[in-house]
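Q: Could we go through this model feature by feature, with the general idea coming before the particular case?

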Amino acid sequence: MTDIPAAARQAVLQARHLVVFTGAGVSAESGVHTFRDALTGLWARFDPMQLATPEAFRRDPALVWGWYEWRRQLLLGVEPNPAHRVIAALEQRLPRVTLITQNVDDLHERAGSRKVLHLHGSIFTPRCFDCEHPYKFEGAPAMAAEQPLEPPRCSSCNGRVRPGVVWFGEALPEGALTAAFSAAEDCDCLLSIGTSGLVQPAAQIPEVAAQAGATVIHVNPEAVAVHSANQYSLQGPAGRILPLLLADD
Ligand code: BV8
Ligand code: ZN
């Protein structure tokens, strides 16, 4: 059983302003591929950097749209896991919690988190690639197989519909990014859960909090290098570690 150092537990439960920063690892125990392993079958031969870009969509819209519809379809069949639920419980319990996610799924919302800053958009909010007109899904995706799929057309300009995510080379949503950085500067504790810390500028968030003097706690099965007394690396799956924060309450 992984113990949580008392000082780390205390820093979370007594935070004046807690920032929770999540990556694909928080959804792993719900059965959602982390970003790097979302490339199996047909997409196994691609590097996400090759598929999750506007250039890839221009070059082969059906391949890219097919990948996202396959991922969306998988997401419709999974549930939030204990990690998502503890995060939602912390939001109820603490004076101020800012939840920032890199994920494009809706598992935080489905677990009860009310305010979620999506730095990389959402797979559930497609829009027109040309005029940005929002597109409304009708029901579940057309197919379960991993195959290219022609994207639908925009009702206002007939352009192709694209996923509502932020691709590599695209700017992050201004509002969410500004709110995320100011929360990181203001918080006294930041809980970073399930992220490889590779993707910029999101990866700077824990660093900004640490520079501002916050206690930074990483939750990841892989050890995360920590550089000072008020940084912790809690090694283990989030679904097992996070409930320990609220245990014997
Ligand atoms: C921008 C949406 C500027 C899409 C995503 C060189 C070349 C080209 C670009 C760059 C470059 N250098 C820097 C850049 C910029 C680039 C970047 O960072 N590239 C990196 C990779 C080198 N960034 C961008 O392009 C960003 N935009 O910079 O724009 C700009 C400014 C103005 C105007 C125009 C442009 C946009 C980045 C956003 C990309 N979109 N997602 C989609 O999902 O398909 S990022 C995508 O990757 C995910 O959303 C996620 O955020 C990220 C993967 O990170 P993780 O979430 O950490 O997931 P990962 O799989 O990597 O790791 C999972 C972790 O969980 C692991 O650590 C694992 O150990 C852990 N884990 C596993 N199981 C568990 C667990 N943890 C806990 N419990 C468990 N059970
Ligand atoms: Zn349009």
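A: Let us begin with what counts as a metal donor: donors are N, O and S atoms within 2.8 Å of the metal, and because water is not among the atoms, sites may look incomplete. Please keep in mind throughout that this is a predicted model.

Q: Which protein donors does the zinc ion (ligand 2) have?
A: The zinc ion (ligand 2) is held by the SG atoms of C128, C131, C154 and C157, which lie 2.2 to 2.4 Å from it. Along the sequence, these donor residues follow the spacing C-x2-C-x22-C-x2-C.

Q: How should I read the arrangement of the four donor atoms around the zinc ion (ligand 2)?
A: For four tetrahedral donors, the ideal angle at a metal is 109.5 degrees. Around the zinc ion (ligand 2) the four donor atoms subtend angles of 100 to 118°, and the arrangement is therefore tetrahedral.

Q: Is C128 buried or exposed, and what is the relative accessible area of C131?
A: Buried means under 20% relative accessible area. C128 is buried, with a value of 1%, whereas C131 is partly exposed, at 33%.

Q: Which backbone features deserve a second look?
A: Most residues other than glycine have a negative phi, and most peptide bonds are trans. In this structure E132 has a positive phi of about 70° although it is not a glycine, and N158 likewise has a positive phi of about 70° without being a glycine. E132 is placed in the loop between β4 (127-128) and β5 (161-162), and N158 is also found in the loop between β4 and β5. N158 is partly exposed, its relative accessible area being 48%. As for the peptide bonds, a cis bond with an omega of about -5° joins Q200 and P201, and P201 sits in the loop between β6 (189-193) and α8 (205-211).

Q: How is the open sheet of six strands ordered?
A: Strands of a sheet pair through backbone hydrogen bonds, either parallel or antiparallel. Here the order is β3-β2-β1-β6-β7-β8, with parallel pairing. The edge strands, each pairing on one side only, are β3 (116-118) and β8 (231-235). On average, neighbouring strands of this sheet are turned by 20° against each other, direction ignored.

Q: Which residues stand opposite one another in these pairs?
A: Strand β1 (residues 18-22) pairs with β6 in the parallel sense over five bridges, and the bridge partner of L18 in β6 is C189. β6 and β7 also pair in the parallel sense over five bridges, with L190 standing opposite V216 in β7. Finally, β7 (residues 215-220) and β8 form a parallel pair over five bridges, in which H218 has S233 of β8 as its bridge partner.

Q: Which residues of β6 lie on each side, and are they buried or exposed?
A: In a regular strand the side chains alternate between the two faces of the sheet. In β6, C189, L191 and I193 lie on one side and L190 and S192 on the other, and all of them are buried, with both faces covered.

Q: Which residues come nearest to ligand 1, and which polar contacts does ligand 1 have?
A: Of the 33 residues around ligand 1, those that come nearest are Y68, V166, G169, S196 and Q200. The polar contacts include a backbone N or O atom of Q102, 2.9 Å from an oxygen atom of ligand 1, and a backbone N or O atom of E170, 2.8 Å from a nitrogen atom of ligand 1. With T195, a polar side-chain atom lies 3.0 Å from an oxygen atom of ligand 1.

Definitions and conventions
Residues numbered from 1 in each chain as written. Chains lettered and ligands numbered in written order. Predicted model: local features only at pLDDT ≥ 70, side-chain atom pairs only at ≥ 80, totals over all residues. Heavy atoms only, no water. Pairing = 2+ DSSP bridges. Helix = DSSP H or I, 4+ residues; strand = E, 2+ residues; numbered from the N terminus. Axes fitted to C-alpha atoms, helices over the stretch in contact; angles between N-to-C directions. Buried < 20%, exposed > 50% of the residue type's maximum accessible area, 1.4 Å probe, protein only. Donors = N, O, S within 2.8 Å, 3.2 Å for Na, K, Ca; no water. Tetrahedral: all angles 85-135°; square planar, octahedral: opposite > 155°, others 65-115°. Near = heavy atom within 4 Å. Polar contact = N/O pair within 3.5 Å; in protein donor to acceptor, adjacent residues only side chain to side chain.
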